[in-house]
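Subject: Structure handover

Hello,

Here is the structure you were expecting. My notes on a pocket and some salt bridges follow below it.

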Amino acid sequence: MQGVLSGFAVIAVVIGVGYVIGRRGYLGGQARDVLTKLAFHVASPALLFTVLAEADLSLVFSGRLLVTALSTAAMAGVFVAVGVVRRWGVGRTTIGALCSSYVNSGNLGIPIAVYVLGDASLVAPVLLFQLVMVTPVALTILDLATAGEKQPLWRRLLTPLRNPVALGSLAGVAASGVEIPGPVMDPVTLIGNMAVPAVLLAFGISLRGSSLPLRGGERGAVLLAVALKSVGQPVVAWGLAVGVFGLRGAQLLDVVVTSALPAAQNLFTYASSYRVGETLAREAILVSTLLSVPVLVVVAAVLG
C-alpha cells in the first residue's frame, strides 16, 4: 500500500501549497490564470513531447490496453448519453466525459505502478493512449464547441494543429525513435518539468473560496462522473479482462489498478483554458481522488 499512499501524499502536499498561495495572495489575483496558461500553452506541450519522443509507441497496441480503451469509451459514452438527454452542452459534457474516464496515469499512476505493480512501464500504454488518442480528440471538440462564430471547413479541419497540447503530443510521436541532441532536448525537458507542479498549484489555488463539493448546481454531473470513474470503470475493466480477454494474475491486477486511478488533474487545466465546466472538473477530480484511495487499497488487496 506504500505506492498508493505515497502517490496521494505528494499530490496532496503540492495542492495544499497552492491553496496557501491562493489564500495568502502571494502571487496576486491572477495566479491561477497565469499558472493554467503556463501549463496549457508551454509546460504541458513540452512534457508531452519529451514523454512521447522517448516512449516505445508499440506499447500503445498491447492487448491489455484494449481493456483500458474499451472501459474508457464505455464510461465516456455513458456520460455523453446522459449529457445529451439533460442538455448539458457540448463543452460541459466533454469535460464531464473526460472526468468519467481519463485516469491520472502520470504523477499518480507512475508511483502506484512502481510500488503496487512493481514496474513503472506498465502505466506507459495508458499514458500513451490518452495522450495520442483521447486528448487530441477531446481538445478538438472543445475547440470547435467554444470557437464562437462559425468557422470555415478548412479551419475546423486544422483545429488539432492549432492546439498546443495536441501539437506537443503529435510532435513527440513524430520524434519517437529519433536521437535528439542534448542541447535541444534538455531545455524542453526542463520546461516540461514545470507542467505537473503548475497544474497542481493552480488546482490548489482554485480551492480557495470554493464551496464544499457536491453542494452546488453541478452536484448531479459530479456524482455521475465520480461514480463512473471510481466504480464503473474498474468494474467494467475487470469484467472485460476476465470475461473477454481471459486475463489473470498480474495482468488482471495491472488493468484494474490503472482503471481505478482517479480523474487526472490536467483536466482542470483544460476546463479552465476553455472556460467551461470548471466547477465540474474541480469537484470531480477532488472527489474521485479521495474516493480512489479506498478503491485502490481494496483492488490491490483482492487481486494482489
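Helices here are DSSP runs of H or I with at least four residues, numbered from the N terminus. The model is predicted, so local features need pLDDT of at least 70 and side-chain atom pairs pLDDT 80 or more, while totals for chains, interfaces and linings use all residues. Residues are numbered from 1 along each chain as its sequence is written, and side-chain values use heavy atoms, without hydrogens and water.

**The pocket**

A pocket is an open set of points on a 1 Å grid over the protein atoms alone, where a 1.4 Å probe fits, with protein on both sides within 12 Å along at least five of seven lines; lining residues have an atom within 4 Å of a point. The second largest pocket has a volume (space filled by probe spheres set on the points) of about 260 Å³. Its lining has 14 residues, and A76, A97, V137, A138 and I141 are the closest to the centre. Helix α4 gives the largest share of that lining, six residues. Helices α3 (63–86) and α6 (124–145) each supply at least two.

**The salt bridges**

A salt bridge puts a side-chain nitrogen of Lys or Arg within 4 Å of a carboxyl oxygen of Asp or Glu. The whole structure has four. One of them pairs E278 with R32, at 3.0 Å from N to O. E278 sits in α14 and R32 in α2, 246 residues apart. Both E278 and R32 are buried (under 20% relative accessible area, 1.4 Å probe, protein chains only). D33 bridges to R275 at 3.4 Å. Shared partners join R32, D33, R275 and E278 into one network.

Best wishes

Notes: Buried means under 20% relative accessible area, exposed over 50%, partly exposed in between (1.4 Å probe, protein chains only).
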